Amino acid sequence: MREFVERADVCVVGGGVVGLTLARALARRKRHVVLVERGACGAEASWAAGGMLAPQSEADASDPFFALACASRDAYPAFAAALLAETGVDIELDRTGTLYLAFDEQDEAEIERRYAWQTSAELAVEYLTATQARALEPQLSTRVRAALLFPRDGQVENRRLVAALKRTLEVYGVRVFEQTQAEALRVERGRIVGIETARGFVGADAFVIACGAWSSLVPFEFTPARDESHMNDESIVPTVEPVRGQMLCFAARPALTQHVLYSPRGYLVPRRDGRMLAGSTSERAGFTRAVTAAGLQAITTHALEIAPAVADLPLLDAWSGLRPHAASDWPVLGASSEVPNLFYAVGHYRNGILLAPHTADLLAELIVTHNMPRALAPFAPAPPRRSLYSVG
Ligand SMILES: Cc1cc2nc3c(=O)[nH]c(=O)nc-3n(C[C@H](O)[C@H](O)[C@H](O)COP(=O)(O)OP(=O)(O)OC[C@H]3O[C@@H](n4cnc5c(N)ncnc54)[C@H](O)[C@@H]3O)c2cc1C
């Protein structure tokens, strides 16, 4: 007889912003949810992020990903207000807008293209001359040639966000097991029956993998045993790899800038408490979370290009995080096409903070009603290349 440490309607594996937000969305739909987190909730990529909610700033076309990202940005005011009411935590949603800057001819051509397609799509965007941009942000480099202002993009304090999410799960009665690694997903007769953890066996009707950069690594144990060569099939386990991003944090009192400032090479994010974040790198360096001399150098160079006064700011901190990158570049959201009660919420890559509220709502809808929301269809796990159970 198996020893259950917990039995729930849904078990969410991974307590980053994606797993936490999904657990809340499921609990709001009256599901009994258990969340299993290997370390402390929200201590990986979701802690390391810049918190920018900026779907328009870097978008070059309208596609399903852009639509998902804009819908999630637009869900933030209600989401932030609900979290404040549920927990008393202000996640510092900032809707001042972001500025995307051009420093050379190539950058200018890029922002002109972006301005053209976004205005023709009737999106909110303003073209600023160098003088207009510097009037808005006096600390901008005199080398700036032009800028786009995206008045609907913004930022959130992602560390306060994960703290609020963790607290709200208590309010909703979600059982959260921290320091509890999912060691194996047990599959019996084609369905997941539970996960093995050091604490014991966690059973549920449905399971969601939300393990960020580690999502491809949770092992399966099959009864009856089967041909393991299938495990390379994307339909069973989407391939997610870590892309390291390093970040610097300066003390900026009084604030150097009011807006999130982007260039094609880097960004500055002013926080309400007087910190100024500067990011970032994109490195395939495996699972090592190191801050390197090359990373510091690149980020500093790009920050100084935006605002030379950064040179005089005291450096407070530096860190790195592992972005979860899926092979398609887009997140993988939905039911496994091989194992009916297994779901994926993985591969949010550079936009997990932005995407969390809307993707959580869509996925919770799918898990609870079994109806696939249309907006999720483009992100479904790959269909099977061969069947898991008819080996041959
Ligand atoms: C430097 C940097 C800047 C970024 N800036 C932004 C930004 O400005 N805006 C934005 O929207 N996004 C940004 N991102 C991306 C964003 O941080 C990620 O997309 C998002 O945090 C992913 O959330 P997640 O929950 O999938 O992963 P994570 O936050 O990494 O959480 C995954 C969790 O799963 C747990 N886990 C792993 N394996 C197991 C297991 N076997 N059992 C139990 N638990 C397990 C881990 O311990 C971890 O807590 C940035 C990322 C970085 C690194």
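Which loop holds Pro254? In this predicted model, Pro254 is found in the loop between strands S13 and S14, the latter covering residues 260-262. The sections below treat the backbone around this residue, the ligand site and one helix pair.

## Cis peptide bonds

Pro254 is joined to Arg253 by a cis peptide bond, for which omega is about -5 degrees.

A cis peptide bond also runs from Gly279 to Ser280, with omega near -15 degrees. Ser280 belongs to the loop that lies between strand S16 (275-279) and helix H7 (293-306).

## Positive phi values

Tyr349, a residue other than glycine, has a positive phi near 50 degrees. Its place is the loop between strand S19 (342-346) and H8. Tyr349 also appears in the ligand site, where it is listed with the closest residues.

His370 is likewise not a glycine, and its phi is positive at about 65 degrees. This residue is found in the segment that comes after H8.

## Ligand site

The ligand is surrounded by 39 residues. The closest of these are Glu37, Ser46, Met52, Tyr349 and Leu354. By residue class, the shell around the ligand consists of 19 nonpolar, 15 polar and five charged residues.

Polar contacts to the ligand involve both side-chain and backbone atoms of the protein. In the side chain of Glu37, an N or O atom is 2.6 Å from an oxygen atom of the ligand. Met52 contributes a backbone N or O atom, which lies 2.8 Å from a ligand oxygen atom. At Ala182, a polar backbone atom is 2.9 Å from a nitrogen atom of the ligand. On its own the ligand has 1000 Å² of accessible area, and the protein covers 98% of it. Two or more residues of the shell come from each of these elements: H1, helix H2 (45-48), strand S13 (240-251), strand S17 (315-326) and helix H8 (352-369).

## Helices H1 and H3

Helix H1 spans residues 17-28 and helix H3 spans residues 64-87. Their axes come within 14 Å and cross at roughly 75 degrees. Because angles of 65 to 115 degrees count as roughly perpendicular, H1 is described as roughly perpendicular to H3.

On the H1 side, the contact is formed by Thr21, Arg24 and Arg28. These residues meet Phe79, Ala82, Leu83 and Glu86 of H3. The residues of this contact divide into three nonpolar, one polar and three charged. H1 also belongs to the elements that give two or more residues to the shell around the ligand.

Notes:
Residues are numbered from 1 along each chain as its sequence is written. This is a predicted model: local features need pLDDT of at least 70, side-chain atom pairs count only at pLDDT 80 or more; totals for chains, interfaces and linings use all residues. Side-chain values use heavy atoms; hydrogens and water are left out. Axes are lines fitted to C-alpha atoms, for helices over the stretch in contact, and angles run from 0 to 180 degrees between N-to-C directions. Helices (H or I, at least four residues) and strands (E, at least two) are DSSP runs, numbered from the N terminus. Angles under 35 degrees count as roughly parallel, over 145 as roughly antiparallel, 65 to 115 as roughly perpendicular and the rest as oblique. Contact means heavy atoms within 4.5 Å. Ala, Val, Leu, Ile, Met, Phe, Trp, Tyr, Cys and Pro count as nonpolar, Asp, Glu, Lys and Arg as charged, and the others, Gly among them, as polar. A residue is near a molecule or strand if one of its heavy atoms lies within 4 Å of it. A polar contact is a pair of N or O atoms within 3.5 Å; within protein, one must be able to donate a hydrogen and the other to accept it, and residues adjacent in sequence count only if both atoms are side-chain atoms. Accessible areas come from the Shrake-Rupley method with a 1.4 Å probe; for residues, only the protein chains shown count as cover.
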